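Got your viewer open? Load the model, turn on the cartoon view, and keep the selection box handy for a short tour.

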Amino acid sequence: GATGVTISGAGPTMLAVCRPTTQQDVALAMVDAFDDNGVEATAFQTRVGEGTTVYDD
């Protein structure tokens, strides 16, 4: 259900990009897959922020 997955840097982080309607299913599937292989994992669900503003002095 994810539209993309990546490993973040050298750290122990994976990031999945998905639609809001599949977010929970993707998180659970990833945690379950790690658990099945004896790796402890925690999922955090979030969303894309509003962006940023650049001010020119």
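A first term to know is pLDDT, the predictor's confidence in each residue, from 0 to 100. You need it because this is a predicted model, in which local features need pLDDT of at least 70 and side-chain atom pairs count only at pLDDT 80 or more, while totals for chains, interfaces and linings use all residues. Residues are numbered from 1 along each chain as its sequence is written, and side-chain values use heavy atoms, with hydrogens and water left out.

Start by colouring the protein chain by pLDDT: the mean is 90, and 100% of the residues reach 70 or more. Helices (H or I, at least four residues) and strands (E, at least two) are DSSP runs, numbered from the N terminus. Among these elements, strand E1 (residues 2-8) has the lowest mean pLDDT, 90, and H1 has the highest, 95.

Next, select residues 1-34. An unreviewed UniProt entry annotates this stretch as "domain: GHMP kinase C-terminal"; such positions are given in the numbering used here, feature names are shortened, and annotations may be inferred rather than shown by experiment. The stretch is 35% helix and 38% strand, with its end C-alpha atoms 17 Å apart.

Now pick Met14, which sits in strand E2 (residues 13-18). Is Met14 buried or exposed? With 39% relative accessibility, Met14 counts as partly exposed; buried means under 20% relative accessible area, exposed over 50%, and partly exposed in between (1.4 Å probe, protein chains only).

Move on to helix H1 and select residues 23-36. H1 has 14 residues and reaches 20 Å from its first C-alpha to its last, close to the 20 Å expected at 1.5 Å a residue. That expected span is 1.5 Å times one less than the number of residues. On H1, click Phe34: Phe34 is partly exposed, at 28% relative accessible area. Draw a distance from the C-alpha of Phe34 to that of Ser8, 26 residues away along the chain, and you should get 16 Å.

Keep going past the helix. Asn37 is in the segment after H1, and its 63% relative accessibility makes it exposed. Asn37 and Ala2 are 35 residues apart in sequence and 20 Å apart in space, C-alpha to C-alpha. Also just after H1 is Gly38, with a positive phi of about 75 degrees.

For the last stop, select Glu50, also in the segment after H1. Glu50 is exposed, with a relative accessible area of 85%. Its C-alpha is 32 Å from that of Ala33, though the two are 17 residues apart along the chain.
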